[in-house]
Amino acid sequence: QVQLVESGGGLVQPGGSLRLSCSASISRFSRAVMGWYRQAPGKQRELVATISSGGSTNYSDSVKGRFTISRDNAKNTVTLQMNSLKPEDTAVYYCNAVSPSRFWGQGTQVTVSS
C-alpha cells in the first residue's frame, strides 16, 4: 500500500522559510515522478514543483527562484525548500507521486502571515 506522509508545515512570517518533507512508502521510488501541489481556500489545487526520476525539475512561475525541490532516493523522501515566503503561498501543500498511478499525501498546512 502506497503512503505519502508530509511534514514541516506551520506558521511563518512573510520573507521567512520553511522546509517540507514527504516520506514515501512506494516500490521503485527512484522511478517515480514526485511533486508538490498546493490548494488555497476557495481555489483549485495547483502544481508547485515536480522532480523526475532523473532529477529534472519543474516549477510554477509563482515559486520559481524561491522554492527548491529535491529528492533522496536512498531515503525515499522528497523535500521542498521554501524561501522568501509570501502571504499568497498560504495553502495546504500535498505530496504527489506518479508511479505510474497517481498517489497523494494527506497534506500539510503552510500559513504565511505577520
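Two aromatic pairs are found under the rule that rings of Phe, Tyr and Trp (its six-membered ring) pair if their centres lie within 6.5 Å, with planes under 30 degrees apart counted as stacked, over 60 as edge-to-face and the rest as tilted. The model is predicted, so local features need pLDDT of at least 70 and side-chain atom pairs count only at pLDDT 80 or more, whereas totals for chains, interfaces and linings use all residues. Residues are numbered from 1 along each chain as its sequence is written, and side-chain values use heavy atoms, with hydrogens and water left out.

In one pair, the ring centres of Y37 and W104 are 5.0 Å apart and the planes stand at 75°, so the arrangement is edge-to-face. Because Y37 belongs to strand β4 (residues 33-39) and W104 to strand β10 (residues 102-104), this pair ties together parts 67 residues apart in sequence; strands (E, at least two residues) are DSSP runs numbered from the N terminus. Y37 is buried at 15% relative accessibility, while W104, at 35%, is partly exposed (buried, under 20% relative accessible area; exposed, over 50%; partly exposed, in between; 1.4 Å probe, protein chains only).

The rings of Y94 and W104 are also edge-to-face, with centres 6.5 Å apart and planes at 90°. Y94 lies in strand β9 (residues 91-98), ten residues from W104 in strand β10, and is buried at 14% relative accessibility. Y37, Y94 and W104 thus form one aromatic cluster.

The charged end of R45 sits over the ring of Y94, 3.7 Å from its centre, and R45 also lies over the face of W104, at 4.5 Å from the ring centre (criterion: NZ of Lys or CZ of Arg within 6 Å of the ring centre and within 35 degrees of the ring normal).

Terms used:
Helix = DSSP H or I, 4+ residues; strand = E, 2+ residues; numbered from the N terminus.
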